[in-house]
Amino acid sequence: MTDFDQLHFTSEHEWVRLEPATDGAAASATIGITAYAADKLGDVVYVDLPDAGVEIADGAVVGEIESTKSVGELFAPVDGTVLEKNSAVEDAPELVNSDPYGEGWLIRVEYTELPELLSYAAYQALLGDEEASH
Amino acid sequence: MTDSAGLNDDLPPTISSPDATLVDATATPLAPLVFSPLHDVHVAAGASFTDFAGWQMPVRYSSDLAEHHAVRSSAGIFDLSHMAEVRVQGPEAGAFLDYALAGRLSAIALGQAKYSLLLTEQGGIVDDLVVYRRGETDFLVVANAGNHFEALEALVERAAGFDVSVTDESDTTALIAVQGPNARRIVQGVPGIRFAADDAARAAGEPAPDAGAGPLPGAHPLDTLKYYWSLDATFAGENLFVARTGYTGEDGFELYVPVAHAAALWNELVAAGEPFGLVPAGLASRDTLRLEAGMPLYGHELGLNTMPAQAGLGRVPNLGKGDFVGRAALEAAAAAAADPAAAADTADASQATPAAPVLVGLVGEGKRAARADYDIYAEGGENPIGVVTSGVLSPTLGHPIAMAYVDPQFADVDTELAIDIRGKRLAFRVITLPFYRRKRD
C-alpha cells in the first residue's frame with residue numbers, strides 16, 4: 001500500500017518521496033509520475049531518463065514518457081544531481097502503469113534546496129479542479 | 001511532467017495527445033458532447049472516454065495495448081455509433097452516387113460494399129466512405145463522424161436533379177464492430193441474430209438460394225460471406241444489417257442496429273465472445289490497428305487538399321464512367337503528372353508548383369515513435385522533404401511505423417530518410433504499405 005501522506009506532488013503530475021540526509025548520505029528525492037498521469041497517458045511504451053551524474057534544474061525537461069498515443073515530458077521538480085535512474089522501467093515501461101508509486105519510479109536525485117511541493121490533499125484538490133473543467 | 005506535442009482537451013493540460021485522432025478538430029469546445037446509445041454499457045465496463053468529433057466515446061477500457069493484441073489474436077468489440085449513416089434511395093440512386101462520388105457505385109451488386117471518396121470540384125477529399133448496396137435502388141453511405149455534416153450537405157446538394165432521396169439515419173442507427181480472427185464464430189454464436197437466408201434454408205430444409213456462392217447444407221450464411229459483402233438479418237425481430245467490413249486489418253463484421261437495441265446486441269455479442277477471448281476495445285486501439293494495416297485516416301492522411309492519387313487511392317475514382325464531381329480536376333492532375341513539361345509550358349514558371357507529395361509508409365528502429373506533424377529530411381538534408389501524418393510504436397511489430405507525405409523523389413521503397421523526433425534525427429526507411437498483413441486461412 002502506498003502511504004500517500006509520505007509523498008509530495010507537483011502540478012505536473014509527478015510524485016516525490018524525500019529521504020532526509022543521513023550520516024554520509026545527502027538528502028535525496030525519488031521521483032515518478034502519478035497514477036492519474038499514467039492512466040491519462042495510457043500504456044507507456046518508452047521511457048527516456050537522465051543518467052546518473054547529470055545535473056538537473058528545477059523546471060527543466062529531463063526525460064520523456066511515451067504511450068502509444070501521447071508523449072509526456074518529465075520535468076525536474078528540484079535542483080540537484082541524478083543519483084540513479086530506474087533501468088528496470090526503461091526495459092519494462094509498463095511498470096509506470098502497473099506500479100506508478102513503486103516499481104515504476106523513474107529517477108532518484110540528490111537535491112540541494114527543496115522547492116515548494118503539494119501535499120496529497122492539495123494534489124487531490126488540483127485533480128478535482130482539472131476533472132471539473134472538462 | 002508536461003506535454004510536448006499537440007493539444008487534447010480530454011487530457012490534463014500537462015499531458016497531451018499529439019494525435020488528432022483523439023482530438024475533436026471541428027466542434028467548438030462549448031458544443032455539448034453527444035453520447036453513444038451504448039454509453040452506459042461503456043461506463044459499466046470501466047471505459048475511459050475521449051471527445052471524438054463531438055462524441056464522448058471510449059478511448060480504452062483498461063489497456064489499449066491489450067485491446068490491440070486481442071484484436072490481432074482473438075477478437076475485439078468496438079462501438080462505432082459516432083459514424084454517420086446516410087441512406088440513398090430512389091430510381092436514380094445508382095446514377096446519383098456515380099455523380100456524387102468518385103467510384104462507380106451503380107456497378108456494385110446487391111449486398112456488395114465498396115470503399116469510395118467524396119471529392120470537391122478541385123479533386124480534394126471531403127470524406128472517405130463505404131457504400132453498401134442494400135437494394136436495387138437502395139444504398140447506405142457510411143461517412144466519418146468528423147465529416148458527418150460536410151458529407152451529408154454535399155450529398156443533399158448533389159442530389160438536385162436526381163430522382164432520389166437522401167436521408168440521415170445517423171441518430172437512429174448504432175454501429176458495433178466485432179473484429180479479429182474469432183469474429184465470425186462470435187457473431188454466429190449470438191442466438192438473437194437471424195439471417196434471412198438462414199430462415200429460408202431452415203424453412204426449406206435445404207441451402208438458401210444465394211447469388212454466387214450458396215452456403216453448403218447446414219452451413220451458416222456468414223461462413224461464405226465474402227470480405228466487403230453484407231447480409232440483411234434481424235436481431236430480436238428488429239432489422240439488423242451485417243457487413244464483413246472493418247478498419248483493423250483483421251477479418252471482422254460491422255453490425256448496424258437500431259439504437260434502442262444496441263445495448264442488447266452488445267451484451268449478447270460480449271456473452272457469445274466470452275469463450276473466444278473477445279474484449280471491448282476503444283478508439284486508441286482502433287487507431288493503432290488501422291495504422292498497422294496501412295489504412296488512411298481522414299484528417300491525417302486525407303483532407304480537402306489531398307488528391308486521391310497522392311494518397312495511393314488513384315484507383316478509387318473511376319474515369320471510365322460519366323461525369324462526377326472532381327472529374328475535371330483529376331484529369332488535369334493526371335495530364336500534368338504524365339507530361340510535366342507541357343504543364344510547365346502553360347503555367348507561369350514562377351508559379352510552377354513542386355511535384356505533389358505522396359503518401360508513403362516508413363519504418364524505424366528502436367522504440368521512439370515519429371508522430372503526426374514531425375518533419376522528415378533526406379539524409380543530411382537541411383530542409384524538410386516531407387511530414388509525418390500518423391505514427392506509433394507498432395504494438396504488433398515492435399518497431400516504429402509511420403505514414404507520411406514526402407516529395408515523390410524520396411518515395412521509392414528502401415529510400416533512407418530521417419525524422420526529427422523532438423530535436424533528434426532518427427533513421428527511417430520507406431516501405432510498401434501495409435505494415436501488417438494478416439495471414440489468410
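## What covers α2

Let's start with a helix in chain B of this predicted model. The buried residues of α2(B) are covered by elements that include β4, β5, β11 (173-179), β16 (278-280) and α9 of chain B. Those buried residues are D64(B), L65(B), E67(B), H68(B), A70(B), V71(B) and R72(B). With 7 of its 10 residues buried, α2(B) is largely enclosed by the rest of the structure.

## The partner helix, α9

α9(B) is mostly covered too, with 9 of its 10 residues buried. The list runs L283(B), A284(B), S285(B), R286(B), D287(B), T288(B), L289(B), L291(B) and E292(B). They pack against β3 (48-52), β4 (55-60), α2, β5 (75-79), β19 (386-393) and β20 (400-406) of chain B.

Just after the helix ends, there's a small backbone detail to look at: α9(B) is followed by G294(B), which has a positive phi, near 70 degrees.

## How the two helices meet

Two packed helices are described by the angle between their axes and the distance between the axes. For α2(B) and α9(B), the angle is about 50 degrees and the axes are 8 Å apart. Oblique is the range from 35 to 65 degrees or from 115 to 145, and α2(B) and α9(B) are therefore oblique to each other. The crossing of α2(B) past α9(B) is right-handed.

Which residues make the contact? On the α2(B) side they are D64(B), E67(B), H68(B) and V71(B), and these meet A284(B), S285(B), T288(B) and L289(B) of α9(B). By type, the residues of this contact split into 3 nonpolar, 3 polar and 2 charged. If the spacing along each helix catches your eye, recall that an α-helix has 3.6 residues a turn, so residues three or four places apart point the same way.

## Where the domains touch

Step back to the domain assignment, and chain B has domain 1 (20-80 + 174-292) and domain 2 (358-431). Between them, 8 residues of domain 1 of chain B are in contact with 8 residues of domain 2 of chain B. Our two helices turn up again here: α2 (64-73) and α9 (283-292) of chain B each supply at least two residues of the domain 1 side. α2(B) gives the most to that side, with 4 residues. The domain 1 side as a whole divides into 3 nonpolar, 3 polar and 2 charged residues.

## The chain as a whole

Chain B holds 11 helices and 22 strands. Of its 441 residues, 48% count as buried. As for how the chain folds back on itself, take the contacts between residues at least 6 apart in sequence: 65% of these join residues at least 24 apart.

Key: Residues are numbered from 1 along each chain as its sequence is written. Chains are lettered from A and ligands numbered from 1 in the order in which they are written. This is a predicted model: local features need pLDDT of at least 70, side-chain atom pairs count only at pLDDT 80 or more; totals for chains, interfaces and linings use all residues. Domain bounds come from an automatic or database domain assignment. Two residues are in contact if their C-beta atoms, placed from the backbone, lie within 7 Å. Ala, Val, Leu, Ile, Met, Phe, Trp, Tyr, Cys and Pro count as nonpolar, Asp, Glu, Lys and Arg as charged, and the others, Gly among them, as polar. A residue is buried if 20 or more other C-beta atoms lie within 10 Å of its own, exposed if 12 or fewer, and partly exposed in between; C-beta atoms are placed from the backbone. Axes are lines fitted to C-alpha atoms, for helices over the stretch in contact, and angles run from 0 to 180 degrees between N-to-C directions. A crossing is left-handed if the near helix is turned anticlockwise from the far one by less than a right angle, and right-handed if clockwise.
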